[in-house]
Amino acid sequence: MSAAAALETRRLSKSFGALTVANGIDFRLERGARQALIGPNGAGKTSFVNLVTGALAPDAGHIHLDGAEITALAQAARVKRGLVRTFQVTQLFRGLSVLENVTLAVCERRGIGGDMWRPVGRHREAVEEAYALLEPLGLAADAARPVATLAYGHQRLVEIAIALGLAPKVLLLDEPAAGVPSGETGRIIAAVESLPADIAALIIEHDIDLVFRLAQRITVLVQGRVLAEGAPEQIAADQAVRRVYLGERDRR
Amino acid sequence: MNGIAAALGVGLHGLAFAMVLYLISVGLSVTMGMMGFVNLAHGVFAMAGGYIVTNLINRYGVSLPPAIAMAAVAVAVLSLPIERLLYRRLYGGDELDQVLLTMGLVFMSGAAAQYLFGALQQPLRLPPALSGGLRVGIAEVSAYDAMLIVCGVVLVTGLWLGVERSRFGAKIRAAVDNLRMAQSLGIDTSRLFSLTFALGSGLAALGGGLGAALITISPGYALDNLVYFLVVVALGGLGNIRGPFFAALLIGLADSACKYLIPQFGAFLIYAMTMAILLWRPRGLFGRV
Amino acid sequence: MSEPGALVLTDVAAGYGETTVLEAIGLDLPESASLAVLGRNGVGKTTLLATIMGHTRLRSGSIRFADREIGTMSSFRRARLGIGFVPQEREIFRSLTVTENLLVAARAGRWSMDAVYGLFPALAERRHHRGDQLSGGEQQMLAIGRALMGNPTLLLMDEPFEGLAPVIVDTLLAAFERLRREERLALILVEQHARLALELTGQAIVLDRGRIVFTGASHDLLAAPDRLAALISVAADRPGAIR
Amino acid sequence: MPAVPTDASAAITAHVWRHRYRAHEALPWAVALAAYFAFPNYLPLAAQTLATILFALSADLVLGYAGIVTLGQAAFFGTGAYTAGILAAHGWGEPLSGLLAAAVVAAAVGLLSGLIILRSSGLTLLMQTLVVAALLHEAANKASAITGGDDGLQGMQVWPIFGRFEFGLFGRTSFFYCLIVLFLCWLGVRRLVHSPFGRSLTGIRENVVRMHAIGAPVFVRRLVVYTISAGLAGISGALIAQTTGFVGLDSLSLERSGTVLIMLIIGGVGRLYGAFVGVPLYMVAQDRFSSIEPVYWYFWIGLLMVLLVSFARGGVLGLCDRLWRRARGRR
């Protein structure tokens, strides 16, 4: 038997009334992998992320993190086990400084988020850890600035810093470069490329160039099903995928 | 026999109360549903209606129907600048700001009412035809209650037909459903909202005036009855026209029954019931999912 | 000279909130011309329509329609100037009947309730049903009919064929053929089904990452499948290449 | 983790030392003491002001930090007042234990109601805070055998503190009693808001989605702070009950919930000191104006609200901030 995957789903299914957003998804993300999840609009990518992170409860199927079943765990418990996501539209504490945004995450991970007595500053190691995450992302100079005053591209980086502050084993990156002007995407790509090697990353992305550049494997989701999975070259050559993306359609 | 007659009497009184509650609250439901605006000052319009009606009758000897009509029109017109100058800038804004603004309006109106009309309750002097009692089958009902029920049924039917059959009503419902799409089809939603607001305020004034003998008019009116109006809206579901009617019916009947059967509990049971229902269905009994 | 349906975008950058989705968009659509907007998912096609309709934040540039600057105009004024919108999610008013959905959008002109029902007889049969009781295809017909009720001179349509049964697509295609022939209606069509879109339109643009990477005649692109594939397919034969 | 030099960044230092006491924080206490000497005839008013500051502080905790807009804070204030009052009227007049009992009962009411209402959000939540207070108000109204109903609770006998300091006519004991209790509570609240817990409350207010995504138990955090705030409001109610020797139904009223918000808004929300600015301004102004035209006080305060919301969001302290920034910007 092969070693447990970092993240695995088996026959994961979810419907909203007549609309099926996940139709028995079997999915595997190996440890330390760089994998991408692509698919047309409405393919169920976001629903898949919500199912995996626990924001949605599946109708059927199982989710395993590092070999352990997490299907029934609450969202917070999954985060504690190292399943972390970023958001397509930044979700930040806009009024707080960059450093504090990340510190909040670090405190939660260290289990001191509920400490009601010692001031945050006395947990110096947490603050320093947060700061140390900012430096490689080039955010150190902005540490004291409220995130709302940062350019959007930098806000996307803060989003990644927060995720890293949670010490993820599996990181779900939901369109990390979405909404960023083209001049600023380089830094975000670099940030994703330099993720620690022990983190398994799943990149949900529309931008095919980005996918080909960042991912070793690609999973194509169509109408709540896995249509194809494989190395980028395989996916590029796959007729079924070409059909979906070219929009070729039999016309009687 | 007696029990049934009493129950019918209680039911009819509850129905009359429900009509007043509904007329006052329905505008609140629509405007809160359409713009997501927390309007605690809606009762002020009902109170204004009540003051106008009681004073027109008591001081100037106007008879009830024209007094009610004048109150509704005057309040509807007066509400327009208030919406435009004060409310509009807070649409889509902070809930707290909306709470504070409208709470401020409640305080101001209460003090203004006291300055203008004194601290005492304003009696509604009913014409002789409305001061007696009526027999409906085996039940006894006051002529005033009967008038409220008849007026209520007529107004509610008119309102429902108006909102559900007219183009204006369809536009209101479209804007509640999907504001952005309504705009994309060329509907001037801010103008639509002003008109809806005025309509809702006018209805509230109507309810406040008609019901002035049931919910007495005094400077504390808007504050004291705020919970009742909001409960009707919360139970009825926001942005809804029919929901608040059934919520008002529920509250009216429950209130009337409580006062008759277990007066020592008063409004306590109504509030407890509200909590239970909101716990069970946070968006109200008839709210959208 | 006034061209009621003409649309000109100059150096437009736009996005939602703080995001920037579109950059340096230039577009010149004459009256009663038709334009296909192609490109992979998430490159900004829907945002382009939203920007023309006034749902996004215009960061820079200008949008002119019917000889007027509409970049800062509210959506309802743009609609009244003659822009009709068929959104991707259809966005039917679900508590309104079919008739009411058409009614709220009505403005004087050639298109009336009867004309729309004539175009989509299936809708007429459902006229008293509420929006949330319609099938996907019926919703799509209603969304199109609703846009026509405003008697637009420019129609924006976002993936009108998505998720529809083939027989319904054929119905819609027939309807579009008629519109193109009989009406002087400018059309911007966002579509995943590239061939379909190209067959229906005179011009085409291809978006990539919020920028226009191709502008030309639709039939040229249709005649060059390799070019088309390179522009919009996942099978970009350049793994690892970035621009 | 990469090593960070100890002087790595001003950002870290600033962050680490945020909770340090600053000189200006002594100001409210200095003012309070100065007021004691300067206005010896106003000590009862001063004591009430101090107790009300605590009430506003409790509201700031839920509203300013956890972002829960409540119209029912009086529920806990009144619960505390009645708890202390009923104890004192029924033969247990020891003030400190009465205070404690008030805190516990009010916190318990906060916990129970919080368990129910904090599952909602937005308008429903607002409604439910209102209904909880209305429920208690009505309960106190109907249970007149215990609470005195409309007439208020009569016959409180509050014993001297430690058996020594009597609550006299001049309010000296009341003043220091309120001052010390407020000071201790303020220390606790200050500590709380600077703790990771307190910062996570701010996080919840700023972005609940993100808080869930970083694995924080959002519901529990909100429930805990709601309970603590209820306890503090209860203490405040008990202070006023004990120092005035009276509890009325108005302590549970919507008016009370509304005015505490107003006092807080006047000072500034979510900054810990809003209560210290807003409450004295409100109370002193009310004392002045009410003596001239008691009826119209609410008109002016209502007008002030409308103006504040329309033109001066952030209250007095927010205004100071803006003026300060503008002054610095000019240089």
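Here is a short tour of one strand in chain A and two loop residues, one in chain A and one in chain C.

Before you click, note that this is a predicted model, where local features need pLDDT of at least 70, side-chain atom pairs count only at pLDDT 80 or more, and totals for chains, interfaces and linings use all residues. Residues are numbered from 1 along each chain as its sequence is written, chains are lettered from A and ligands numbered from 1 in the order in which they are written, and side-chain values use heavy atoms, with hydrogens and water left out.

Start with chain A and select residues 34-38, which form strand 3. Helices (H or I, at least four residues) and strands (E, at least two) are DSSP runs, numbered from the N terminus. In strand 3 of chain A, 5 of the 5 residues are buried; that means under 20% relative accessible area, with exposed over 50% and partly exposed in between (1.4 Å probe, protein chains only). Turn on side chains: A:Arg34, A:Ala36 and A:Ile38 point one way, while A:Gln35 and A:Leu37 point the other.

Next, add residues 200-204 of chain A, strand 8, which runs parallel to strand 3 and is joined to it by 4 bridges. Pairing here takes at least two DSSP bridges between two strands. Then add strand 9 of chain A (217-222), also paired with strand 3 in the parallel sense over 4 bridges. Centre on A:Ala36: opposite it in strand 8 stands A:Ile203, and its bridge partner in strand 9 is A:Ile218.

Now hop to A:Asp66, in the loop between strand 4 (60-65) and strand 5 (68-69) of chain A. Its phi is positive, about 55°, though it is not a glycine. A:Asp66 is partly exposed, at 30% relative accessible area.

Last stop: C:Glu91, in the loop between strand 6 (83-86) and helix 3 (98-105) of chain C. Here's another non-glycine with a positive phi, near 50°. C:Glu91 counts as buried, at 18% relative accessibility.
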